[in-house]
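Biologist: Please take a single part of this structure and go through it closely, strand by strand where that helps, and then say what lies against it.

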Amino acid sequence: MVVFYWVVKAILAPILRIVFRPWADGVDNVPREGPAIIASNHLSFSDHFFAPLPLPRKVIFLAKSEYFTGRGLKGLVSKAFFSGVGQIPVDRSGGEASERALRTGLRVLAQGQLLGIYPEGTRTPDGRLYRGKTGVAREARVPVIPCAMIGGFEFQPPGKIRPRLRIRPGVRFGKPLDFSRYYGLEQDRIVLRALTDEVMYAIMKLSGQEYVDEYAQRAKVSVSLPRRHRGTGVPGDTASQDGRTGSAGPDDGRTGDAGPRPAQARTEVAAASADESADE
């Protein structure tokens with residue numbers, strides 16, 4: 001599979017560069033050898049191609065298992081492709097599945113490789129940056145390189161297969177984050193949240209995205225509810241009524257551009273919400 005990865009990259013790289021003219025910044029921030037985590041925002045399906053494109057090293061991303069479980073010819077092609085380019089399937093249902101994903105990531109790092117993670121857990125539904133899951137924090141005994149995909153949401157909006165050629169997608173790598181001060185505290189949920197917020201803050205600064213202190217998956221559900229109830233007399237935007245849109249209300253101190261608070265224990269963390277138990 002290692003050979004297949006470089007064969008695919010050798011074929012795709014010149015095509016992608018000529019057709020889509022992607023750009024990259026901060027490539028030197030990614031170590032040339034040794035284990036490290038690339039923690040990236042997730043704007044579109046194209047991130048799988050443009051994030052590792054400028055790097056001279058193989059990046060192994062944890063990808064949703066649906067890419068590997070399709071049926072028929074399309075399913076076989078999808079499984080062969082994602083396996084060949086270094087993607088590892090993970091079950092995102094939480095609980096034991098999340099623990100298996102964690103163990104998989106640790107094995108990748110133990111082999112001295114680059115592990116790619118999308119801390120948000122899923123693609124953004126609206127182009128904003130959402131709250132990170134603490135899986136990245138559980139594996140952070142190696143350098144963590146914040147990575148920002150730029151323009152991907154406009155380049156390939158959700159549900160669109162054909163990319164917009166007038167948009168040049170880009171990727172920006174930040175300086176490695178050192179979390180050695182947290183070693184030995186991986187079981188402390190407040191520490192995990194503080195570390196994760198620091199990673200998300202770095203991504204936000206690189207990407208320029210508006211930050212939403214909410215899980216992207218929950219936001220997707222909030223967005224889908226008005227569609228399901230359309231024409232039934234149910235009030236339209238339930239998300240805006242319960243304050244889960246990410247925009248700050250009159251008494252909500254979480255302004256969209258404030259971002260996560262790095263290395264700070266917040267009261268909501270102490271509550272240990274049910275969402276945290278499903279973190280990847």
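Modeller: A residue is called buried here if its relative accessible area is under 20%, exposed if the value is over 50%, and partly exposed in between. By that criterion 48% of the 280 residues of the chain count as buried, in what is a predicted model. The chain holds 10 helices and nine strands, and among its contacts between residues at least 6 apart in sequence, 81% join residues at least 24 apart.

The part I would look at is the open sheet of seven strands, whose order is β1-β8-β7-β2-β5-β3-β4 and whose pairing is mixed. Its edges are formed by β1 (23-25) and β4 (88-90), and because each of these has a single partner strand, one side of each is left without a neighbour in the sheet. Averaged over neighbouring strands, and with direction ignored, the turn of one strand against the next is 25°. As a general point, strands of a sheet pair through backbone hydrogen bonds, and they may do so in a parallel or an antiparallel manner.

Starting from the β1 edge, this strand runs parallel to β8 and is joined to it by three bridges, with Asp25 having Arg172 of β8 as its bridge partner. On going from β8 to β7 the sense is antiparallel, and four bridges join β7 (residues 144-150) to β8 (residues 170-173). Arg172 appears here again, as the bridge partner of Ala148, so to speak of Arg172 is to name a residue of β8 that is bridged both to Asp25 and to Ala148. In the β7 and β8 pair, Ile150 stands opposite Gly170 of β8.

Strand β7 deserves a closer look, since seven of its seven residues are buried. In a regular strand the side chains alternate between the two faces of the sheet. For β7 both faces are covered, with Val144, Pro146, Ala148 and Ile150 buried on one side and Ile145, Cys147 and Met149 buried on the other. Next in the order comes β2, which is joined to β7 by four bridges and runs parallel to β7; there, Ile37 has Val144 of β7 as its bridge partner.

Towards the other edge, β3 (residues 59-64) is the strand that holds Phe61, and β3 is mostly covered, five of its six residues being buried. Phe61 has a relative accessibility of 2% and therefore counts as buried. Strand β3 runs parallel to β5 (residues 114-117) with three bridges between them, and in this pair Phe61 stands opposite Gly116 of β5. Another relation of Phe61 is with Gln87, which is 26 residues apart from Phe61 along the chain, although the C-alpha atoms of the two are separated by 5.0 Å. Strands β3 and β4 also pair in the parallel sense, over three bridges, with Lys64 standing opposite Val90 of β4.

As for what lies against the sheet, helix α7 (residues 189-207) packs on it and touches β2 (36-40), β7 and β8, the direction of the helix making about 35° with that of β7. The same helix has a part in one of the cavities. The structure holds four cavities of 30 Å³ or more, and the second largest has a volume of about 60 Å³. The lining of this second largest cavity consists of 11 residues, with Ala137, Tyr182, Tyr183, Glu186 and Leu195 lying nearest its centre. Helix α7 supplies the largest share of that lining, three residues. By class, the lining of the second largest cavity divides into nine nonpolar residues, no polar ones and two charged ones. Taken together, α7 is thus a helix that touches β2, β7 and β8 and that contributes three residues to the lining of the second largest cavity.

How values were computed: Residues are numbered from 1 along each chain as its sequence is written. This is a predicted model: local features need pLDDT of at least 70, side-chain atom pairs count only at pLDDT 80 or more; totals for chains, interfaces and linings use all residues. Side-chain values use heavy atoms; hydrogens and water are left out. Two strands pair if DSSP finds at least two bridges between them. Helices (H or I, at least four residues) and strands (E, at least two) are DSSP runs, numbered from the N terminus. Axes are lines fitted to C-alpha atoms, for helices over the stretch in contact, and angles run from 0 to 180 degrees between N-to-C directions. Contact means heavy atoms within 4.5 Å. On a 1 Å grid over the protein atoms alone, a cavity is a set of points where a 1.4 Å probe fits but cannot get out, and a pocket is an open set with protein on both sides within 12 Å along at least five of seven lines; lining residues have an atom within 4 Å of a point. Grid points are joined across faces, edges and corners, and a volume is the space filled by probe spheres set on the points. Ala, Val, Leu, Ile, Met, Phe, Trp, Tyr, Cys and Pro count as nonpolar, Asp, Glu, Lys and Arg as charged, and the others, Gly among them, as polar. Buried means under 20% relative accessible area, exposed over 50%, partly exposed in between (1.4 Å probe, protein chains only).
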